[in-house]
Amino acid sequence: MEFAYDGGGLAKGGTVTLYVDGDKVAEGRVEGTIPMVFSADETLDVGRDTASPVSDDYSGERSIFTGEVKWVQIDLGDDAEDADHLITPEERLRVAMARQ
């Protein structure tokens, strides 16, 4: 999956492109993203979602991928924006304490 962020600050959207074995198989639009913190109780799953569903269309056990995933690669491009300067130290502390 490739996410081409619109840029221009936090929580913007972007284009998502899905690849299988290097071949583009789907493309779609995400109108907005989460600006800073993900839930501490969410999971990072491959082939199934064991926490909050990714979509209302997700049907739990019937939506499990039954194929073989040989690898997952996560790359952050050189153009990945460092957004630390967009929040104050006080906001950063509030976010850190919210995770406790």
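Buried residues account for 9% of the 100 residues in the protein. The model examined here is predicted. The protein exposes about 8,500 Å², and carbon and sulfur atoms supply 52% of this area. Of the contacts formed between residues at least 6 apart in sequence, 19% join residues at least 24 apart.

The secondary structure of the protein consists of one helix and three strands. Read from the N terminus, these elements follow the order β-β-β-α. Strand E1 spans residues 2-5 and strand E2 spans residues 14-20, while strand E3 covers residues 23-30 and helix H1 covers residues 89-98. A loop connects strand E3 to helix H1.

A nonpolar patch was identified on the surface, formed by Met1, Phe3, Tyr5, Leu18, Val20 and Val25. Together these residues present about 550 Å² of accessible area. Strands E1 and E2 each contribute at least two residues to the nonpolar patch. Among the patch residues, Leu18 is located in strand E2. With a relative accessible area of 40%, Leu18 falls in the partly exposed class, because that class lies between the limits of 20% for buried and 50% for exposed residues.

Two further members of the patch, Phe3 and Tyr5, are also aromatic partners. One aromatic pair was counted in the model. The ring centres of Phe3 and Tyr5 lie 6.0 Å apart and the ring planes meet at 45 degrees, so the pair is classed as tilted. This assignment follows because planes under 30 degrees apart would count as stacked and those over 60 as edge-to-face. Phe3 is partly exposed, at 32% relative accessibility, and Tyr5 is likewise partly exposed, with a relative accessible area of 32%.

A charged residue was found within the loop between strand E3 and helix H1, namely Asp49. Asp49 is buried but has no salt bridge. The nearest side chain of opposite charge belongs to Arg48, at a distance of 8.1 Å. This separation does not qualify as a salt bridge, because the criterion requires a side-chain nitrogen of Lys or Arg within 4 Å of a carboxyl oxygen of Asp or Glu. When residues up to four places away in sequence are left aside, Asp49 is in contact with Thr43, Val54 and Tyr58.

Definitions and conventions
Residues numbered from 1 in each chain as written. Predicted model: local features only at pLDDT ≥ 70, side-chain atom pairs only at ≥ 80, totals over all residues. Heavy atoms only, no water. Patch = residues over 30% accessible without salt bridge, like charges linked within 9 Å, V, L, I, M, F, W, Y side chains within 5 Å. Areas by Shrake-Rupley, 256 points an atom, 1.4 Å probe, with all protein chains shown as cover. Helix = DSSP H or I, 4+ residues; strand = E, 2+ residues; numbered from the N terminus. Buried < 20%, exposed > 50% of the residue type's maximum accessible area, 1.4 Å probe, protein only. Contact = heavy atoms within 4.5 Å. Phe/Tyr/Trp six-rings, centres within 6.5 Å; stacked < 30°, edge-to-face > 60°. Lys, Arg positive; Asp, Glu negative; His and termini not counted.
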